[in-house]
Amino acid sequence: MPVPYLFKKTLPTKLLPFLILILPGLFFFPLQEVVQGTTSGDIAWRNIETKYTMIHYQSFEDLERFNDKVDYAQDRWGLKRLFSSSGSDNLIDKLNKKVDVLFERVQEILDMRKEMKKVTIKIYHDRRQLHDAYSRIYKKPCRFRAWYIYEYNTIYINVDDLHEGMLAHEMAHSIIDHYLSVRPPSATAEILARYVHSHLL
Ligand SMILES: [Zn+2]
C-alpha cells in the first residue's frame, strides 16, 4: 500500500513548520511538570529515632499535633507533663516514649515480639499532601486515610486525620509482616491489624 508510505514520507515535511512551533512546547511542558513534581514531592523531612521507629516529620507544629492526636498512655505521662518544662526536647522525649509504648502494646496484643528493623512513620501535613504522596507511588487517586508499605517498611499518615488506633493498626501491619517468616495473606493481616485497633485500650 503506497498511501501510508507516501503519507509517512510527506508528513514530516508538511508538518515541519508546525513541529518547529510545537517542539519547544513538547520539551518545555514535560520538563515543567518534572520540576513542579520535584518541588512538591521534595519534602524536607526531619527525623526522630525512637527505639522501634523512625519518625519523619516536617515541622515542630506537626509534631505537636501528632503528639495531641496520638492519645495513648496519657495517664502514664499526664502527671509528668504538668511538672515538666515545655520545649522541643520535652516534646520529643514525650513522643519517643509514647510511640514506643504504643509499639510495644501492639506487639503484646499480637504476641509477636522479636528484634525488627525500625518502622518509618511519615507524618504528612494534611490530606492533600498525603494523597499526593499516594498518587506518586501508585499512580492513581488515593482512597485511604493511612497505609503501610512493606517494601519500604513505612507508615504513611496525615496529622490532620489521625488517632492512636489508626497508628496502632499500621504498626500492626509492620509487625505482622516482619514477625512471620512468610508474610500472611493480606486479608489475614488486615483481620489481625483490626483486632489490635479494637483491643488497644
Ligand atoms: Zn490495614
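Reader: What makes residues of H4 count as buried, and which ones are they?
Author: The buried ones in helix H4 are Leu-95, Lys-98, Val-99, Leu-102, Phe-103 and Val-106. To earn that label, a residue needs 20 or more other C-beta atoms within 10 Å of its own; 12 or fewer makes it exposed, anything in between partly exposed, and the C-beta atoms are placed from the backbone. Keep in mind that this is a predicted model, where local features need pLDDT of at least 70 and side-chain atom pairs count only at pLDDT 80 or more, while totals for chains, interfaces and linings use all residues. Residues are numbered from 1 along each chain as its sequence is written.

Reader: Why is Asp-160 called partly exposed?
Author: Asp-160 has 16 other C-beta atoms within 10 Å. That falls between the exposed limit of 12 and the buried limit of 20, so partly exposed is the right label. You'll find Asp-160 in the loop between E5 and helix H6 (164–179).

Reader: Which residues is Asp-160 in contact with, leaving aside its neighbours within four places in sequence?
Author: Asp-126 and Arg-127. In contact here means that two C-beta atoms, placed from the backbone, lie within 7 Å. Asp-160 and Arg-145 are 15 residues apart in sequence, and their C-alpha atoms are 10.0 Å apart in space.

Reader: How do you know what counts as a helix or a strand?
Author: Both are DSSP runs, numbered from the N terminus: helices are H or I with at least four residues, strands are E with at least two. On that basis the chain has seven helices and five strands. Read from the N terminus, they go α-β-β-α-α-α-β-α-β-β-α-α.

Reader: How do you know that the span of H4 is close to what is expected?
Author: Helix H4 (residues 88–110) has 23 residues and reaches 33 Å from its first C-alpha to its last. The expected span is 1.5 Å times one less than the number of residues, and for H4 that comes to 33 Å, so the two agree. Helix H6 passes too: its 16 residues reach 22 Å, close to the 22 Å expected. Just after H4 sits Asp-111, with a positive phi near 55 degrees.

Reader: What makes E1 and E4 edge strands?
Author: Start with the open sheet of five strands, ordered E1-E2-E3-E5-E4, with mixed pairing. Strand E1 (46–49) and E4 each pair on one side only, and that puts them at the edges. From one strand to the next, the twist averages 20 degrees.

Reader: How many bridges join E1 to E2?
Author: Four, with the two strands running antiparallel. DSSP has to find at least two bridges before strands count as paired, so E1 and E2 qualify. Ile-48 has Ile-55 in E2 as its bridge partner, and three residues separate the two strands of this hairpin.

Reader: Which way do E2 and E3 run?
Author: Parallel, with four bridges between them. Met-54 has Thr-120 in E3 as its partner. E3 also pairs with strand E5 (residues 154–158), in the parallel sense over five bridges. Along that pairing, Tyr-124 stands opposite Asn-158, and Ile-121 is partnered by Ile-155.

Reader: How many residues of strand E3 are buried?
Author: Five of the six residues in E3 (119–124) are, and that leaves the strand mostly covered. Over the chain of 201 residues, 19% count as buried.

Reader: What covers the buried residues of H6?
Author: The cover includes H4, E3, strand E4 (147–149), E5 and helix H7 (186–198). Among the buried residues of H6 are Leu-167, Met-171 and Ile-175.

Reader: Why are H6 and H7 called oblique to each other?
Author: They pack at an angle of about 140 degrees, with their axes 8 Å apart. Axes are lines fitted to C-alpha atoms, for helices over the stretch in contact, and angles between N-to-C directions run from 0 to 180 degrees. Under 35 degrees is roughly parallel, over 145 roughly antiparallel, 65 to 115 roughly perpendicular, and the rest oblique. About 140 degrees fits none of the named ranges, so the pair is oblique. Residues making the contact include Ala-168 and Ala-172 of H6, and Leu-192 and Val-196 of H7.
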